[in-house]
Structure formats: C-alpha cells, structure tokens
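Here is a short tour for anyone who likes to check a model's geometry before computing with it. Have the viewer open and follow along.

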Amino acid sequence: MSSGYDAILLNPTDSDGSISNILKAKTAGIPVFCMDREVNADDAATSQILSDNYSGCVSIGIEFVKELKEKGKYVEILGLVGDNNTWARSGGFHSVVDKFPNLKMVAQQSGDFDRNKAMEVLETILQANPDIDGVFCGNDAMAMGAFQALQAAGKETKVKIFGFDGAGDVIEKIREKKIVATGMQFPIVMAQTAAQYADEYFKGRRDFPQRVPVEVELVNAANIKDY
C-alpha cells in the first residue's frame, strides 16, 4: 500500500492471517482480488477467483473408487493444515470415497504441499502399513513425493497414486502409467480474471461476485493425449 498501487492481486497463503492486511487495503480504498486461495471472510477481498477444488476432488474421488474397485486400504496426504484449499480438496474426495465402507483410510497426515515432506511422511506410514492400495495427495508435488517413496520401497507398480494441480511432471507420469490421475487447475484463467476485474474496477465497476469458481478438469489415461 505504501508503494502507491491502485489495486492488489493476491494469493493469500494464510486464510486467516491475510484478512487484516486485506482490510487495511480496503480501508485505504485499494481493491484486493484474491487468486487461487481464499480468505475466511466475505467482507474483505473485492472478489476471490478460485479453482473449484471441491468439485475437482469429487471427480478424483470417483476415479479413485473406480480404480481401486471399491475396496482396499489407502492413505491421504494433506496439504497445509491452515489452507482452505487443503480441506476443500479433502472434503470433495471424501464426499465420494466415504460412501464405500470397504475403502479404509489407514493414515491421514499433512505433507505441507511439499514434495520432500510428502515422501518422508509416506515412507514412515509404509513402515506401519506396507500393504496399502492407493494414495490421494492434495497436490501434485506431494504426489511426486509419494511416487518416490513407493519407488524406493519397490511398490510403485502396486499402489495407485492420485494428485491435484496438473503439474507437468505428474502429467508425464500419467502418460507413463505411473500415476493414475490429477485435477488440472488453470492459474492463467484465475490471474487473467483478477487482472480483468481490476481493470473494470478502475473503470467504475463495483458489483463483483465474492467468489468466482474456475473449473478443474480430471486428467487420466483416457484423456492424457489432450495434454
């Protein structure tokens, strides 16, 4: 704000901690457009442009159930515990998977959206649960970490891995049939929408939607040729 900007496009990594700064900008008459992540307030940001994480992970959950044939043991590796995206993705996934009693979650632990942390987490989980059938990871960096852990344990062909983001390395692993699926996000769409809204604000518009969901696409073996 002290630099004299007329609008702020923000990716708030702390859903609660970012609110006070956004409100300061609002008080100063500076619009704030959140991208990718949201804050836990409806009266702070001018608009929040977000991936539809919940619906995207409903699709992942459906694919997960199909691939595991409705039974087996699985692990969920969560993202940052304080990030709303973590719980939207987990919630969408569980809204499907929890309907199948023969799918048993044997561990749920945070990997902080970090590849190395997820690898270490899964290595530890595998010591107590060596016979898992699937792993759902809250982002693709963690899916790659999970793949590394399973590869080191000699289980990469036996355990089905699912991620979320649409990262290039996971797309390649899907192409190689080493990871089953991911949810493709569209950060360019989010950024373009935020920039467009800022421009419209400068031109006098004030009636912005509080939340704008951006569709997430399931990427798997069936449509990998499109990517």
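## The largest pocket

Which elements each supply at least two residues of the lining of the largest pocket? They are α2 (53-67) and β7 (160-162); helices (H or I, at least four residues) and strands (E, at least two) are DSSP runs, numbered from the N terminus. The model you are looking at is predicted: local features need pLDDT of at least 70, side-chain atom pairs count only at pLDDT 80 or more, and totals for chains, interfaces and linings use all residues. Residues are numbered from 1 along each chain as its sequence is written, and side-chain values use heavy atoms, with hydrogens and water left out.

The volume of the largest pocket is about 310 Å³. Its lining counts 16 residues, and the closest to the pocket centre are Lys160, Lys177, Lys178, Ile179 and Val180. A pocket here is an open set of points on a 1 Å grid over the protein atoms alone, with protein on both sides within 12 Å along at least five of seven lines, whereas a cavity is a set where a 1.4 Å probe fits but cannot get out; lining residues have an atom within 4 Å of a point. Grid points are joined across faces, edges and corners, and a volume is the space filled by probe spheres set on the points. By chemistry, the pocket lining splits into seven nonpolar, two polar and seven charged residues (Ala, Val, Leu, Ile, Met, Phe, Trp, Tyr, Cys and Pro count as nonpolar, Asp, Glu, Lys and Arg as charged, and the others, Gly among them, as polar).

## Two positive phi values

Lys177, one of the residues closest to the pocket centre, sits in the loop between α6 (168-175) and β8 (182-184). Its phi is positive, about 65°, although Lys177 is not a glycine. With 69% relative accessibility, Lys177 counts as exposed (buried means under 20% relative accessible area, exposed over 50%, partly exposed in between, with a 1.4 Å probe and protein chains only).

Glu70 also has a positive phi, near 70°, and is a residue other than glycine. Glu70 belongs to the loop between α2 and β4, and its relative accessible area of 44% makes it partly exposed.

## The cavity

The structure holds one cavity of 30 Å³ or more, with about 30 Å³ of space in it. Among the elements, β4 (72-78) and α3 (84-97) give two or more residues to its lining, and α3 has the largest share, with three residues. The lining comprises Glu76, Leu78, Gly79, Thr86, Arg89, Ser90, Phe136 and Gly138, of which two are nonpolar, four polar and two charged.

Helix α3 also contains His94, which is buried at 14% relative accessible area. Leaving aside residues up to four places away in sequence, His94 touches Tyr74, Glu76, Met105 and Gln108 (contact means heavy atoms within 4.5 Å). Glu76 is thus a partner of His94 and a part of the cavity lining.

## Strands and their faces

In a regular strand the side chains alternate between the two faces of the sheet. Strand β9 (residues 211-214) shows one buried face, with Val212 and Val214, while Arg211 and Pro213 point to the other and are not buried. Strand β3 (residues 47-51) pairs with β9 in the parallel sense over four bridges, and Ser51 stands opposite Val214; two strands pair if DSSP finds at least two bridges between them.

What about β2 (residues 32-35), where both faces are covered? Val32 and Cys34 on one side and Phe33 and Met35 on the other are all buried. Strand β1 (residues 8-10) runs parallel to β2, joined by three bridges, with Ile8 opposite Val32. Phe33 is also among the residues touched by Tyr201, a buried residue at 17% relative accessibility in helix α7 (residues 187-202). Tyr201 and Thr46 are 155 residues apart along the chain, yet their C-alpha atoms are separated by 9.5 Å.

## The chain as a whole

The protein chain has seven helices and 10 strands. Its radius of gyration is 19 Å, close to the 17 Å that the globule rule gives for 227 residues, so the chain is as compact as a globular protein of that length (the radius is taken over C-alpha atoms, and the rule is 2.2 Å times the number of residues to the power 0.38). Buried residues make up 49% of the chain.
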